[in-house]
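Reader: Could you take me through this model, one question at a time, with the reasoning behind each answer?

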Amino acid sequence: MTQTQRILVTGATGTVGRQVVAELLDRGHEVRALTRDAAKASFPAGVEVVEGDLTEPDGLATALEGVTGLHLITFGGAAFSPLETGPRLLELARSAGVRRVTVLHGGGPTPLEDAVRADDGVDWTVLMPVEFMANALEWREGIVAAGEVREPFVDRLSAMVHEGDIGAVAAVALTQEGHGGQEYVITGPEVLTVGDKVKTIATAVGREITLIELTEEQAVAQWQAAGLAEDVIGFLLMAYGDTPEVGRTVSGSVEKVTGRPARTFAQWAAEHADAFRGQS
């Protein structure tokens, strides 16, 4: 049985941050959640909410008091710009007695992750998840309104990961020995096409869903209409049109780290079925 520890979770209102908080609570640890606006944040009972901004690390000394583990994101501030404050954050963390740090990989090299990897004063672990299962929620509106999903590159493969499994890997790395200096590619247990995902959601909600394949030009027009920036559209064309091997290969990290199998997309779809029915 792991001894109860106090962990500071930054990015605690995000898709992954909320799962890190939930997993730590489930494992009996004390959680301190950092947010820039406590009045707008909602967390489970028992979570200590503190205000702070990773772009202003000197204001976080109190939040780090009594903390043994720290979960970091690589972007911060209202504009979500790459954080340049890594060295100071780590200096404060070491002074406060933090022993373990996890950092959520931002999709490429970032100053904060570089600072974490270069620090030999803490046991750091880099979390490198592939496509989130939660990305499928982008299809909600089309499914609810018209019973359809409109996507390009429908045969693309993805080893997409349940965001709860990212939280589980983080919780273990933050509270147990043996994960220092590791980088974990975190995937689900299977490789799926877009068609596989749509069929799985259809089964979960109990209705037929039509998959309409878009051309690349149609996809770009759809993304532009949705307000996506050109650099984001360029990334999507690259990631979907020629998915890197790491994104379509099952890694086994979830089971290796947590001792249980990674959750399937069918499990995720069942958990979120009401969203695709337009009920939440």
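Author: Before we begin, a contact here means heavy atoms within 4.5 Å, and the model is a predicted one.

Reader: Which elements are included in what covers the buried residues of α4?
Author: Helix α4 spans residues 111-118, and its buried residues are L112, E113, A115 and V116. Seen down the axis of α4, these residues fall within an arc of 160°, so they line one face of the helix. In a helix of this kind, residues three or four places apart point the same way because there are 3.6 residues a turn. The cover over the buried residues of α4 includes β4 (69-72), α3 (86-96), β7 (100-104) and β8 (123-129).

Reader: What is the phi of F153?
Author: F153 lies in the loop between β9 and α6, and at 24% relative accessibility it counts as partly exposed. Most residues other than glycine have a negative phi. F153 is not a glycine, yet its phi is positive, at about 50°.

Reader: Which residues form a nonpolar patch on the surface together with L157?
Author: L157 is found in the loop between β9 (148-152) and α6 (163-175). Its relative accessible area is 36%, so L157 is partly exposed. The patch has about 190 Å² of accessible area together, and the residues that join L157 in it are V191 and V250.

Reader: What radius of gyration does the protein have?
Author: The protein has 12 helices and 11 strands, and 48% of its 280 residues count as buried. For 280 residues, a compact globule would have a radius of gyration near 19 Å, and the protein agrees with this, having 19 Å.

How values were computed:
Residues are numbered from 1 along each chain as its sequence is written. This is a predicted model: local features need pLDDT of at least 70, side-chain atom pairs count only at pLDDT 80 or more; totals for chains, interfaces and linings use all residues. Side-chain values use heavy atoms; hydrogens and water are left out. Patches are made of residues with over 30% relative accessible area and no salt bridge: like charges are joined within 9 Å, nonpolar side chains (Val, Leu, Ile, Met, Phe, Trp, Tyr) within 5 Å. Accessible areas come from the Shrake-Rupley method with a 1.4 Å probe; for residues, only the protein chains shown count as cover. A salt bridge is a side-chain nitrogen of Lys or Arg within 4 Å of a carboxyl oxygen of Asp or Glu. Helices (H or I, at least four residues) and strands (E, at least two) are DSSP runs, numbered from the N terminus. Buried means under 20% relative accessible area, exposed over 50%, partly exposed in between (1.4 Å probe, protein chains only). The arc is that of the directions from the helix axis to the C-beta atoms. The radius of gyration is taken over C-alpha atoms; the globule rule is 2.2 Å times the number of residues to the power 0.38.
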